[in-house]
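Please walk me through the fold of this protein chain. Start with how far the model can be trusted, then take the strands and helices in turn.

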Amino acid sequence: RMFKENIDILIIGGGLVGLSLAKGLEDRGISYLLVDAPMPESAQKIVRALALSKSTIAILKHLKVWSKIKSKVTPIHHINVSCEGVMGTMNLVDDAHEFLGVVIDLDILHQALKQSLAQTDALQYGQFKTYDAVSKTVNVLIGDAMHPLHPKMIIAADGANSSVRQACQMPIE
């Protein structure tokens, strides 16, 4: 399979950040390719709860993803904040039955974002390999083939141990 070499944005990492960005770019007609490493089987069986704030919900509504997940969330009506060894606590309570946020299984949100993408061929399982600053070429391994790409921009959404950050010799701040 051959990919368009001159894409606007190459996103490395298909977690919540990479998928949300891809959805936002797609909605604006910006060409992208999202390359994500396949998830190990052991990680696929872990249930991880994720708390979403009202501002995150507003973003998901804007991306037209909220309607796909809203029946699968648990509203947060009360938060008790305390610190061991420190006197005092803080209680946050919803007012007028308005929730403070919601809790959702991370995998449900991840799948909803992935399924919301219209350009399904723009999501590829593969691996970032190298970046050449002189030729502005990014090499990604997809399947058994190396693909040289010339994106206008590279977005490193591949976490704290970012291979893109390391290849570009950028420090962690």
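What follows covers confidence, then the main sheet, then a hairpin.

This is a predicted model. The protein chain averages a pLDDT of 87. Of the residues, 92% score at least 70. Confidence is not even along the protein chain: it is lowest in helix α2, residues 41-44, with a mean of 61. It is highest in helix α4, residues 66-69, at 96.

Now the sheet. Six strands make up an open sheet. Read across, their order is β10-β9-β8-β2-β1-β11. The pairing is mixed. β10 (145-149) and β11 (153-156) are the edge strands, and each pairs on one side only. From one strand to the next, the twist averages 35 degrees.

Strands of a sheet pair through backbone hydrogen bonds, in either a parallel or an antiparallel way. Take one pair in this sheet. Strand β8 covers residues 123-132 and strand β9 covers residues 137-142. The two run antiparallel, joined by six bridges. To fix the register, find G126: it stands opposite I142 in β9.

A helix packs on this sheet. Helix α1, residues 16-27, lies across β1 (9-12), β2 (32-36) and β11. Helix α1 runs at about 165 degrees to β2.

Next, the hairpin. Strands β5 (residues 78-82) and β6 (residues 89-93) run antiparallel, and five bridges join them. V81 stands opposite M90 in β6. Six residues lie between β5 and β6 in this hairpin. Which residue in the turn has a positive phi? G85 does, at about 85 degrees.

Note on methods. Residues numbered from 1 in each chain as written. Predicted model: local features only at pLDDT ≥ 70, side-chain atom pairs only at ≥ 80, totals over all residues. Heavy atoms only, no water. Pairing = 2+ DSSP bridges. Helix = DSSP H or I, 4+ residues; strand = E, 2+ residues; numbered from the N terminus. Axes fitted to C-alpha atoms, helices over the stretch in contact; angles between N-to-C directions. Contact = heavy atoms within 4.5 Å. pLDDT = per-residue confidence, 0-100.
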